[in-house]
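Trainee: I would like a close look at one part of this model, namely its charged pairing and the surroundings of that pairing. Please begin with the cysteines and then work towards the pair.

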Amino acid sequence: MKSKFQQSYIPLIILFGVVNTICFLFSDTLKIKQIDPIMVAGANTLLFVICSISIRSQIKSANNTNPHAMVRGVMGSVVLKLFVLGTAAFIYLYNVGEAQSVNGIFVSMGLYIVYTWLEVKMAMQIKPTKKDGSN
C-alpha cells in the first residue's frame, strides 16, 4: 500500500511533467508569443520543490493534536511560495534587462495559482490518523 506522501505526490509530478514537456516541445511557439520557456520551466521547478516540501510538512502536521497546525501549514506554504516566486521574478527582471519576458512572468503567476490550488486540494484530502493507527 502506498504511503500518504506517495499518494499526495502524484498530482504534483504529473503537473510538473506536463508543464516542462510543454515548455520544451513547444519552445519555438512560446518564443513567438514572447514567453521564455526556460524561465517558465525554472519557475515550474521552483514551485514543484516548494510544494513538495510543504506537502511533506502538512502530512506531518496532520497528526498534530492542535487542529490549527494544518491550517498554519497550508497558509505558511502559500505565503512562502508567493515570496519565493516574487523574489525570483525580481531577480530575473534585474538580471535580464531588456530581454525580459513579461508574458513568461504572467505564465509563472498562473502556475503559482495552479500549484496553490492543487496543494490546498491535496491538503484537504489528508486525513489525520489516530494514535492507534486507524482513521
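Mentor: In this predicted model, the number of disulfides is zero. A disulfide would require two cysteine sulfur atoms within 2.5 Å. The cysteines considered here lie inside the fold: Cys 23 is buried, since its relative accessible area of 2% falls under 20%, and Cys 51 is likewise buried, because its relative accessibility is 0%. Both residues return below as contact partners, Cys 23 of Val 40 and Cys 51 of Lys 81.

The setting comes next. The chain contains five helices and zero strands, which gives the pattern α-α-α-α-α along the sequence. Of its 135 residues, 36% count as buried. Among the contacts with a separation of 6 or more, 78% are between residues 24 or more positions apart.

The charged pairing itself can now be described. The model has one salt bridge, formed by Lys 81 and Glu 119, whose closest N and O atoms are 2.4 Å apart. This pair links distant parts of the chain, as Lys 81 belongs to helix α4 and Glu 119 to helix α5, with their positions 38 residues apart. In general terms, side chains of opposite charge can pair when their charged atoms come close.

Are the two partners buried or exposed? Lys 81 counts as buried because its relative accessibility is 0%, and Glu 119 is buried because its relative accessible area is 1%.

Lys 81 deserves attention in its own right. Its helix, α4, covers residues 68-96. Besides the salt bridge with Glu 119, the side chain of Lys 81 makes a polar contact of 3.5 Å with the side chain of Thr 116. If neighbours within four places in sequence are set aside, the residues in contact with Lys 81 are Leu 47, Ile 50, Cys 51, Tyr 112, Tyr 115, Thr 116 and Glu 119.

Val 79 offers a second view of helix α4, in which it is also placed. Val 79 counts as partly exposed because its relative accessibility is 39%. Its C-alpha atom is separated by 9.9 Å from that of Thr 116, a residue 37 places away along the chain.

On the other side of the pairing is α5, a helix of 24 residues. From first to last C-alpha, α5 reaches 35 Å, close to the 34 Å expected at 1.5 Å a residue. Its buried residues include Tyr 112, Tyr 115, Thr 116 and Glu 119, each of which is also in contact with Lys 81. Gly 104, Ser 108 and Leu 111 are further buried residues of α5, and these three are in contact with Val 40.

The nonpolar surroundings complete the picture. The largest nonpolar core holds 30 residues, and those with the most contacts inside it are Leu 12, Val 40, Leu 47, Leu 111 and Tyr 115. Two or more residues of this core come from each of α1 (4-25), α3 (37-62), α4 and α5 (102-125), and α3 gives the most, with ten residues. Leu 47 and Tyr 115 from this group are also contact partners of Lys 81. Val 40, apart from neighbours within four places in sequence, is in contact with Cys 23, Ile 35, Gly 104, Val 107, Ser 108 and Leu 111.

Terms used: Residues numbered from 1 in each chain as written. Predicted model: local features only at pLDDT ≥ 70, side-chain atom pairs only at ≥ 80, totals over all residues. Heavy atoms only, no water. Helix = DSSP H or I, 4+ residues; strand = E, 2+ residues; numbered from the N terminus. Polar contact = N/O pair within 3.5 Å; in protein donor to acceptor, adjacent residues only side chain to side chain. Contact = heavy atoms within 4.5 Å. Core = buried A, V, L, I, M, F, W, Y, C linked by side-chain atoms within 4.5 Å. Buried < 20%, exposed > 50% of the residue type's maximum accessible area, 1.4 Å probe, protein only. Expected span 1.5 Å × (residues − 1). Salt bridge = Lys/Arg side-chain N within 4 Å of Asp/Glu carboxyl O.
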